[in-house]
Amino acid sequence: MVSITADGPIWTLDLGEDENRFSPDRLTEIESALDELEASGEPAALLTTGTGKFFSNGLDLDWVSAHPDEFEAYAARVQVVLARVLTLPVPTVAAVNGHAFGACAMLAIAHDYRVMREDRGFFCFPEVDIQIPFTPGMDALITTKLTPRQARDAMLTGRRFGGADAVPAGLVDAATSQDALIAAAADLVRDLAGKDRATLGTIKATLYADAAAALRGDARA
Amino acid sequence: MVSITADGPIWTLDLGEDENRFSPDRLTEIESALDELEASGEPAALLTTGTGKFFSNGLDLDWVSAHPDEFEAYAARVQVVLARVLTLPVPTVAAVNGHAFGACAMLAIAHDYRVMREDRGFFCFPEVDIQIPFTPGMDALITTKLTPRQARDAMLTGRRFGGADAVPAGLVDAATSQDALIAAAADLVRDLAGKDRATLGTIKATLYADAAAALRGDARA
Amino acid sequence: MVSITADGPIWTLDLGEDENRFSPDRLTEIESALDELEASGEPAALLTTGTGKFFSNGLDLDWVSAHPDEFEAYAARVQVVLARVLTLPVPTVAAVNGHAFGACAMLAIAHDYRVMREDRGFFCFPEVDIQIPFTPGMDALITTKLTPRQARDAMLTGRRFGGADAVPAGLVDAATSQDALIAAAADLVRDLAGKDRATLGTIKATLYADAAAALRGDARA
């Protein structure tokens, strides 16, 4: 169950306490949470995290198996959510509390900043090993956030990065103890929460124009 | 008052001793200085700096307020100057002697190299705080010179980077004492001043093709 | 004389023991070697190296001088080989045993990884000094692998990077003694050799789509 709660300027989006895969219902809940945040008028920043062992484990492959005819529309919807987070008109940070795999590692990448628990959990793009190549939109999302070498190491190897490895790999900005994770993430965006939303949104839309278009364009294809 | 003076291969473009904002007159003086440099035939490198507290403080907002109907043409002209410096067929370095804000931080970014005084002055893109989003051309100029993380830190925060912070942020190549600034900047380009201009100009025009087109395309829009 | 030999998953492509310039015959031999590797079905990785003083010294300028009418077709063919290596559906590493200049430095850059001998040999893009600007395809190849600052340092200066300098310059992943070179290169790709080729090939084709298209597009021009 997804929840969003505001504490001062920090809006914490909790993806749930299970594997938190992107089921259609969870996507609806995430969209509603973002709607609520965007409808607010006060200074705000988005902090996305999960409870327990997982940040989020990616696409809901059980649901996909049961609805093969709907896969394209489902994947397109995931990409639209990624594009929305990428260009959200408030500062954003992912507090990666546990495993972040595939599409949910992409959700983390779509945030402005990322902090990861240092002792447990992996940040991983398993696409090369599960034989599902990145779509052009997903490719564009990842490469708009990483250097060429970082993109190579993350995208061509299927490597699972623990927190300590994810920092030099450029996947996250910092790794902390579990206890310090949320505070460290909030510290990265609290002072930025008052930026004018229209301006910040336009700047992000321009900065990430190609990736957002690729994510949304794949969605239309 | 802008001046350009050659000492051996080093052509020093001094933007002035005031705030050195991009007034139309100053733009004309800069263009004339670049014309003079480009008309010369000997080995040459451009070193751009200012005198006193400011490198340059950005657009001439007083002039803009007095000439609201001319803003678009004025902004387009600024972008053409940025594109020209970006692809100038000689090595270029900015010696950032003091504050470099907004469009003038972009002028510094357009040079091949940047050195900054370490003890005073800020390098800053204030766009997010003054509620003037980057144009597509300005966005392309900055992102063609920085890594994705550096672009995020410079463009989404409005942060003012002192010399010591600007080096790890990738905004400048080095920070030095005020006394050593000009010599350090000249050292970066002196040995490159003899490169064949047609070749170097073509290489830069290709390397920065997208950003130059965006700057000039915005100019035409 | 080019040779390719498989030892377990490591396919070693030896460019020869001379200057190993890209003569049309050597290009044919390289293409045949890649054909052989691609026709194999077992886990495989490509390790490209040379024997002696040179990795490869670039275009075959003697042949070009003798066949001026064929230069365009020849250059186009070189670019197609570069695009093929860039998107080869197996992991690739260049073991730079000696001088790598111009088009052959590009061949090394086209590999996923690069290791270089630390005590002798230079990695160099001499284009700015020999007055042959990078084509758009070559520009795209280099910039898809380097950060903006690394691209500037490699492409605008003509600097010759020894192994120790090439690591911080981002041109190679590591520098080793001559004796350790091949083993260090093989270690980078051995564990990746079993990736599904169709998946890895598609991921690379997407990741490097713009550069491959520019290389092949120049080829068609």
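1. Start with one pair of charged side chains: A:Asp173 and B:Arg152 form a salt bridge, with their closest N and O atoms 2.9 Å apart. This pair crosses between chains. A:Asp173 sits in the loop between helix 8 (163-166) and strand 10 (174-176) of chain A, while B:Arg152 belongs to helix 7 (residues 148-155) of chain B. Please keep in mind that you are looking at a predicted model, so distances such as this one are computed from the predicted atoms.

2. Why can such a pair form at all? Side chains of opposite charge can pair when their charged atoms come close. Over all chains, a search of the whole structure finds 36 salt bridges. If you would like another one to look up, try B:Asp173 and C:Arg152, whose side chains meet in a salt bridge at 2.9 Å, N to O.

3. That second pair takes us to the interface of chain B and chain C. Here 23 residues of chain B are in contact with 20 residues of chain C. Together the two chains bury about 1600 Å², and 63% of that area is on carbon and sulfur atoms. Which residues of chain B lose the most area to chain C? They are B:Lys195, B:Ile203 and B:Leu207, which together account for 33% of what that side buries.

4. The charged and polar pairs between chain B and chain C are worth a look too. The count of salt bridges between these chains is three, and eight residue pairs are in polar contact across the interface, with both residues at pLDDT 80 or more. On the side of chain B that touches chain C, the elements giving two or more residues are strand 7 (113-117) and helix 10 (197-207) of chain B. Helix 10 of chain B provides the largest share, seven residues. Sorted by class, this side has nine nonpolar, seven polar and seven charged residues.

5. Now turn to the interface of chain C and chain A. The contact involves 23 residues from chain C and 20 residues from chain A. The buried area is about 1600 Å², 63% of it on carbon and sulfur atoms. On the chain C side, C:Lys195, C:Ile203 and C:Leu207 supply 32% of the area buried against chain A, more than any other three residues.

6. C:Lys195 deserves a second visit, as this residue also forms a salt bridge with A:Asp129, where the closest N and O atoms are 2.8 Å apart. How many salt bridges does the rule find across the interface of chain C and chain A? There are three. In addition, eight residue pairs are in polar contact there, both residues being at pLDDT 80 or more. Strand 7 (113-117) and helix 10 (197-207) of chain C are the elements that give two or more residues to the side touching chain A. The largest share, seven residues, comes from helix 10 of chain C. By class, that side of chain C has nine nonpolar, seven polar and seven charged residues.

7. Next, the empty spaces. Rolling a probe the size of a water molecule over the atoms shows where empty space is left. The largest pocket has a volume of about 1700 Å³. Its lining is made of 47 residues, and those nearest the centre are A:Thr143, A:Asp210, B:Asp210, C:Thr143 and C:Asp210. The lining divides into 29 nonpolar, twelve polar and six charged residues.

8. Finally, visit the second largest pocket, which holds about 670 Å³ of space. It is lined by 33 residues, and the closest to its centre are C:Leu59, C:Leu61, C:Glu127, C:Ile130 and C:Ile132. Several elements of chain C give two or more residues to this lining, among them helix 2 (61-66), strand 6 (99-101) and helix 11 (209-220). Which helix of chain C gives the largest share of the lining? The answer is helix 3, with seven residues. In this pocket the lining divides into 20 nonpolar, seven polar and six charged residues.

Conventions. Residues are numbered from 1 along each chain as its sequence is written. Chains are lettered from A and ligands numbered from 1 in the order in which they are written. This is a predicted model: local features need pLDDT of at least 70, side-chain atom pairs count only at pLDDT 80 or more; totals for chains, interfaces and linings use all residues. Side-chain values use heavy atoms; hydrogens and water are left out. Contact means heavy atoms within 4.5 Å. Buried area is the accessible area (1.4 Å probe) that two parts lose on being put together, summed over both. A salt bridge is a side-chain nitrogen of Lys or Arg within 4 Å of a carboxyl oxygen of Asp or Glu. A polar contact is a pair of N or O atoms within 3.5 Å; within protein, one must be able to donate a hydrogen and the other to accept it, and residues adjacent in sequence count only if both atoms are side-chain atoms. Helices (H or I, at least four residues) and strands (E, at least two) are DSSP runs, numbered from the N terminus. Ala, Val, Leu, Ile, Met, Phe, Trp, Tyr, Cys and Pro count as nonpolar, Asp, Glu, Lys and Arg as charged, and the others, Gly among them, as polar. On a 1 Å grid over the protein atoms alone, a cavity is a set of points where a 1.4 Å probe fits but cannot get out, and a pocket is an open set with protein on both sides within 12 Å along at least five of seven lines; lining residues have an atom within 4 Å of a point. Grid points are joined across faces, edges and corners, and a volume is the space filled by probe spheres set on the points.
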